[in-house]
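Here is a small set of exercises to work through with the model open beside you. Try each task before reading its solution.

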Amino acid sequence: MLSAAEQDRLTRVGPGTPMGTLLRYYWYPILASVELPAGAAREVRLLGEDLAVFRDPDGRLGLLARYCPHRGASLGYGLANSAGLACPYHGWTFDRTGACVQMPAENANGRLLERAAIVAYGVEEMGGLIFAYLGPAPAPLLPRYDLFLWEGVLRDVGRAQLPCNWLQIMENSVDPVHVEYLHGHHLQVQLGEEAGASHYSRKHEKIGFDLFEFGIIKRRQLVGGSESDDDWRVGHPLIFPVTLRVGSQGQHRFQIRVPVDDVTTMHYWYSCYLPPTGKRAPAQEFVPLYEVPWRDEQGNFRVDFVDGGDIMAWVSQGAIADRSREMLVSSDRGIVLLRKLLSDQLERVQRGEDPMGVIRDPEQNSSISFAQEHNKLGGSAQFLRRAMDISHARFSPIREQVLAMLED
Ligand code: FES
Ligand SMILES: [Fe+2]
């Protein structure tokens, strides 16, 4: 249970808030690369700030505060040219540092241009995603996590904008036992006996959590299993602060929960599919993006796939889950640990130190690998193919291609 003040401290992400200050030490995806062709601009929102991102005709990215200092039009509808981003209203143009370089209808002198400068932020691209950094200078390195770098794999990016705070989604990532009820029993009831979801419903014998350099390793041992199973021996990590690494044999995934503002989270499912030994993945010209549909035509939650169930749970907890009314029990100890970790990192930042996982050493950043179970839930390859049908992956535009690659 948390007091209202404790809850605000852990959930609110706007500029100047304690958590907003901590979260600004990290990079976040704001768009898929395919959404921003050369010459285009888009509106984005991150950590409660309205922004405009653009790609100039030479392919260089820029990220600026969204509203034009002239009379406030959105630069997200501007035109990107070789000088920078031109406001759609009167063409005032801002370069990638935020300097105003043109005022087409004015005979502008240097002082006038100088007064019109706007805020610019860090923006970089990797693995088919565009990442932003809004924090203090100097910006840390964009972490080169393994899945963004792998070659010879198939990739896709699923996405859903969810009307709830980021923290209740991250708390779900340290709640292993929800799998047996929500993804096991509840999903089985929706899908019927043939669905194969019952594989998820094996009971947990024990759960474990270990802190490591980048966050928390989660472990589980299922009834009938042992500590030598991948589920316990390897587990999978919560990568601080907003990423879950999850998957199984041949399927490796980041679930990235981007805090758009206090009550909105952009959820990314970034997947890599590995070819079986002796096979090659077909070449991909770009990483495709797809929307994960989580409401039906009546506006109800879709609970007929694994991630739809998760989304129902997260969003139905409320825009910001009210933790003054919760009733934590022993199987919630991962959640207690995550809140403690967040508090510890808040204190680190208040002391003027970098929080965990912030990378400034290029050598450390050549590639950062994370371990993840292969035989998840003691699963067989057959079960894993089935998982393609009952998870968000069923909406992927490359689903058939992935299934064909997995065929022996
Ligand atoms: S409002 Fe942007 S140029 Fe006028
Ligand atoms: Fe889940």
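Helices, with at least four residues, and strands, with at least two, are DSSP runs numbered from the N terminus. With that numbering, Leu47 falls in the loop between β2 and β3 (49-55). Keep in mind throughout that this is a predicted model.

**Exercise 1. A loop residue**

Task: Find out whether Leu47 is buried or exposed, and what sign its phi has.

Solution:
- Start with the location: Leu47 sits in the loop that links β2 to β3.
- Next, count neighbours. A residue is buried if 20 or more other C-beta atoms lie within 10 Å of its own. Leu47 has 25 C-beta neighbours inside 10 Å, so it counts as buried.
- Finally, read the backbone: phi of Leu47 is near 50°, which is a positive value in a residue other than glycine.

**Exercise 2. Two domains and their contact**

Task: Work out how the protein chain is divided into domains and which strand gives the most to the side of domain 1 that touches domain 2.

Solution:
- The chain splits into domain 1, residues 27-133, and domain 2, residues 146-406.
- Between the C-alpha centres of domain 1 and domain 2 there are 33 Å.
- On the contact itself, 14 residues of domain 1 meet 15 residues of domain 2.
- Both β1 (28-32) and β2 (41-46) supply at least two residues of the side of domain 1 that touches domain 2. The largest share comes from β1, with three residues.
- Sorted by class, that side of domain 1 has eight nonpolar, four polar and two charged residues.

**Exercise 3. The three-stranded sheet**

Task: Give the strand order of the open sheet of three strands and say why β1 and β9 (122-126) each have one side without a neighbour.

Solution:
- The order is β1-β10-β9, and the pairing is antiparallel.
- β1 and β9 are the edge strands with a single partner each, so one side of each has no neighbour in the sheet.
- From one strand to the next, the twist averages 30°.
- Now zoom in on one pair: β1 and β10 run antiparallel and are joined by four bridges. Leu31 has Ile130 of β10 as its bridge partner.

**Exercise 4. The eight-stranded sheet**

Task: Trace the open sheet of eight strands and name the bridge partner of Ile239 in β15.

Solution:
- Follow the order β12-β13-β14-β15-β16-β17-β11-β18, and note that the pairing is mixed.
- The edges are β12 (204-212) and β18 (289-291); each has a single partner strand, so each has one side left without a neighbour in the sheet.
- Neighbouring strands here are turned by 25° against each other on average, direction ignored.
- Within the sheet, β14 (residues 236-239) and β15 (residues 243-248) run antiparallel, joined by two bridges. The partner of Ile239 is Thr243.

**Exercise 5. Cis peptide bonds**

Task: Locate the loops that hold Pro138 and Pro241, and check the peptide bond leading into each.

Solution:
- Pro138 belongs to the loop between β10 (129-133) and α4 (146-149). The bond from Ala137 to Pro138 is cis, with omega near 0°.
- Pro241 belongs to the loop between β14 and β15. Phe240 and Pro241 are also joined by a cis peptide bond, with omega about 0°.

**Exercise 6. Helix α8 and its surroundings**

Task: Describe how α6 (residues 178-191) and α8 pack, then explain why α8 is largely enclosed by the rest of the structure.

Solution:
- The two helices meet at an angle of about 110°, and their axes are 10 Å apart. Since angles of 65 to 115 degrees count as roughly perpendicular, α6 is roughly perpendicular to α8.
- α6 contributes Leu182, His183, His186 and Leu187 to the contact, while α8 contributes Val306, Gly309 and Ala313. By class, this contact has four nonpolar, three polar and no charged residues.
- Eight of the 11 residues of α8 are buried, so the helix is largely enclosed by the rest of the structure. Among them are Asp307, Ile311 and Trp314.
- Look at the loop between β18 and α8 (306-316), where Phe305 is placed. Phe305 is buried, with 24 other C-beta atoms within 10 Å. Leaving aside residues up to four places away in sequence, Phe305 touches Ile390, Ser391, His392 and Arg394.
- After α8 comes Gly318, with a positive phi near 110°.

Notes. Residues numbered from 1 in each chain as written. Chains lettered and ligands numbered in written order. Predicted model: local features only at pLDDT ≥ 70, side-chain atom pairs only at ≥ 80, totals over all residues. Pairing = 2+ DSSP bridges. Axes fitted to C-alpha atoms, helices over the stretch in contact; angles between N-to-C directions. Domains from an automatic or database assignment. Contact = placed C-beta atoms within 7 Å. Nonpolar A, V, L, I, M, F, W, Y, C, P; charged D, E, K, R; others polar. Buried ≥ 20, exposed ≤ 12 C-beta atoms within 10 Å, placed from the backbone. Parallel < 35°, antiparallel > 145°, perpendicular 65-115°, else oblique.
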